[in-house]
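Here is a friendly walk through some local backbone features and helix packing. Have the viewer open as you read.

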Amino acid sequence: MKPTQNHKPCIIVVDFGSQYTHLIARRVRELGVYCELLACHALEQRLLEVQPKGIILSGGPASAYQKHAPEIPPAVFKLSCPILGICYGMQKMIQQAGGQVNQGHHCEFGDTRINIIVQSPLLDTITDHVTKDARHQLDVWMSHGDHISQLPDAFTIIAESDNGTIAAIMHQEKPWYGLQFHPEVTHTVQGKKILQRFLHGICKCKTDWQPDAMLETCSAGVKECVGHDRVILGLSGGVDSGVTAVLLHRILGNQLTCIFVDHGLLRFDEAQQVMALLTDHFTMQIIHVDARQRFYKALEQVTDAEEKRKTIGRLFVEVFEEQANKLSNVRWLAQGTIYPDVIESAASNSAHQHLIKSHHNVGGLPERLNLKLLEPLRMLFKDEVRQLGERLGLPHDMVWRHPFPGPGLAVRILGALSPEKIILLQKADAIFIEILRTSGWYAKVSQAFAVLLPVDSIGVTGDCRHVGPVIALRAVETTDFMTARWAHLPYELLEKASLRIINEVRGISRVVYDVTGKPPATIEWE
């Protein structure tokens, strides 16, 4: 059951497997327009159902001239709505219209400056630079090795790179446009304005996708599907499951029972804070299961990060199932699945999208429990979930907490786990976060945390030599988590964090700061 799909999309984003596809959908939503992301092979029926006001064709890893490259369904071209092709989407549109796409002699990856050579409804008045000879230029982000070598007669070049590569095109009669660059990434300076021009100026979409619309849509979908049935929800302590719980409690009241499996891998005092908020303030029915020792025992010899994830996921299901089986007349299992979970798990069924990582909250449990699945946030991005949470009355500090991995501190303790290591990390992490909050830096960085390293270092306390573990601090700045820059925190702040951790967390011998960006690193260490 996917309640948010009751909100009719104005824009369909066709997914050809690009790593940036979900960013297109996010940018469209940020501009107040509801959209859906669909795999190219699952498109035609949905087009008939919703009759969108516009279609955006994403980029992708394939080359348009490859034998089995994904095709744009013919139904797309039969609609009268505007089309915007991005990178592969533009190349495939041109090829299927009779043009030519070839492997380029010069690849373009990264920042590029392009020249606007013909006026167009898409790019007019949008510019970053004006040259001495009155040429208008844009700073954009390219990521392609192929190029359009021949346009069909009906198309016109509207922008090109200095080396002559076609950077933007338009159809002479129909509202069809193409961009070789990626307007959805922040590196394209005017990308948001370009998308806004397409959505509001060309497609005539209204700005009607706001938190109130999300709440109304989610509520209507849940009421319609659930009726008077009982629902159970697995609380993890995170933002997604917390917002799901408050939303469903508002709609269903005592029809909802939450099961909070406390695996002992949350942040310092987080389990107690979650329970206090949801039981005292929102008066929910919550079964609190203290399963810490069960998880610690299962994980004590596990050192591989992926094995940790599998062990935690398996145990969570076991504990949850034990508690669920004690309840009667339950028909629905609610989960805090959000849109990035669906996309990253390739649950959009795109044959051309790579599986990035598995999520334990996408499927699995309903089959074992013989329950129907309720996912009211399934079509929402994280920032939309946060907006909805504030609209529902959740505290700002809880809703806007930095992202936290599903397996919790298990993947921030490198190597084997132990209760002692978990306590060390919880205390060190709490000190770092407290310093960031009081200094005003918490809201300036996108994610910050501490990591316990599997190495011992020599330290000196007073006149005594001792050997103890090392804490690494990590803070990054990003808008989309696809790329990230290490946060340039003040030296004084880092020194304060180091001194407090060494002095207050007995046993830690050294504190280091991670200055690696993404790429080449990931944001989390495991």
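Asp269 is partly exposed, with a relative accessible area of 38%. This residue of the predicted model sits in the loop between strand E12 (256–262) and helix H8 (270–281). Its backbone deserves a look, since phi of Asp269 is near 65°, a positive value in a residue other than glycine. For background, most residues other than glycine have a negative phi, and most peptide bonds are trans.

Lys204 is another case: its phi is positive, about 60°, and it is not a glycine. You will find Lys204 in the loop between helix H5 (191–202) and H6. Is Lys204 buried or exposed? Lys204 has a relative accessible area of 57%; values over 50% count as exposed, so Lys204 is exposed.

Two cis peptide bonds can be described next. One runs from Lys518 to Pro519, with omega near -15°. The other joins Pro519 and Pro520, with omega about 15°. Pro519 lies in the segment after strand E19 (510–513), and Pro520 is placed in the segment after E19 as well.

Now to a strand. Gln103 belongs to strand E5 (residues 100–116) and counts as exposed, at 59% relative accessibility. Which residues does Gln103 touch, not counting residues up to four places away in sequence? They are Tyr65, Gly145, Asp146 and His147. With Asp146, the C-alpha to C-alpha distance is 4.3 Å, although 43 residues separate Gln103 and Asp146 in sequence.

**Helix packing**

Two packed helices are described by the angle between their axes and the distance between the axes. Here are three pairs to compare by eye.

| Helix pair | Angle between axes | Distance between axes |
|---|---|---|
| H6 (residues 211–226) and H7 (residues 239–252) | about 60° | 10 Å |
| H7 and H13 (residues 382–391) | about 45° | 10 Å |
| H15 and H16 (residues 491–504) | about 145° | 9 Å |

Helix H7 appears in two of these rows, as a partner of H6 and of H13. What span should the 14 residues of H7 have at 1.5 Å a residue? The expected value is 20 Å, and the end C-alpha atoms of H7 are 20 Å apart, which agrees. H7 is mostly covered, with 13 of its 14 residues buried. Just after H7 comes Gly253, which takes a positive phi of about 60°.

Take the pairing with H6 to begin with. H6 and H7 pack at an angle of about 60°, and that makes H6 oblique to H7. The crossing of H6 past H7 is right-handed. On the H6 side the contact is made by Leu215, Cys218, Ser219, Val222, Lys223 and Val226, while H7 supplies Leu247, Leu248, Arg250, Ile251 and Leu252. Sorted by class, the residues of the H6 contact with H7 are eight nonpolar, one polar and two charged.

Turn next to H13. The angle of H7 with H13 is about 45°, and the two helices are therefore oblique to each other. Their crossing is left-handed. From H7 the contact takes Val239, Asp240, Val243, Leu247 and Arg250, and from H13 it takes Lys382, Val385, Arg386, Leu388, Gly389 and Arg391. This contact of H7 with H13 has five nonpolar, one polar and five charged residues. Leu247 and Arg250 of H7 are named in the contact with H6 and in the contact with H13.

**Helix H15**

H15 covers residues 419–439, and at 1.5 Å a residue its 21 residues should span 30 Å; the end C-alpha atoms are 30 Å apart, which agrees. Which residues of H15 are buried? They are Ile422, Leu424, Leu425, Gln426, Ala428, Asp429, Ile431, Phe432, Ile433, Ile435 and Leu436. After H15 comes Gly440, with a positive phi near 85°.

H15 passes H16 in a right-handed crossing. In H15, the residues Ala428, Ile431, Phe432, Glu434, Ile435, Leu436 and Ser439 meet Leu493, Lys496, Ala497, Arg500, Ile501 and Glu504 of H16. The contact of H15 with H16 divides into eight nonpolar, one polar and four charged residues. Ala428, Ile431, Phe432, Ile435 and Leu436 are among the contact residues of H15 and also among its buried ones.

Conventions. Residues are numbered from 1 along each chain as its sequence is written. This is a predicted model: local features need pLDDT of at least 70, side-chain atom pairs count only at pLDDT 80 or more; totals for chains, interfaces and linings use all residues. Side-chain values use heavy atoms; hydrogens and water are left out. Helices (H or I, at least four residues) and strands (E, at least two) are DSSP runs, numbered from the N terminus. The expected span of a helix is 1.5 Å times one less than its number of residues. Buried means under 20% relative accessible area, exposed over 50%, partly exposed in between (1.4 Å probe, protein chains only). Axes are lines fitted to C-alpha atoms, for helices over the stretch in contact, and angles run from 0 to 180 degrees between N-to-C directions. Angles under 35 degrees count as roughly parallel, over 145 as roughly antiparallel, 65 to 115 as roughly perpendicular and the rest as oblique. A crossing is left-handed if the near helix is turned anticlockwise from the far one by less than a right angle, and right-handed if clockwise. Contact means heavy atoms within 4.5 Å. Ala, Val, Leu, Ile, Met, Phe, Trp, Tyr, Cys and Pro count as nonpolar, Asp, Glu, Lys and Arg as charged, and the others, Gly among them, as polar.
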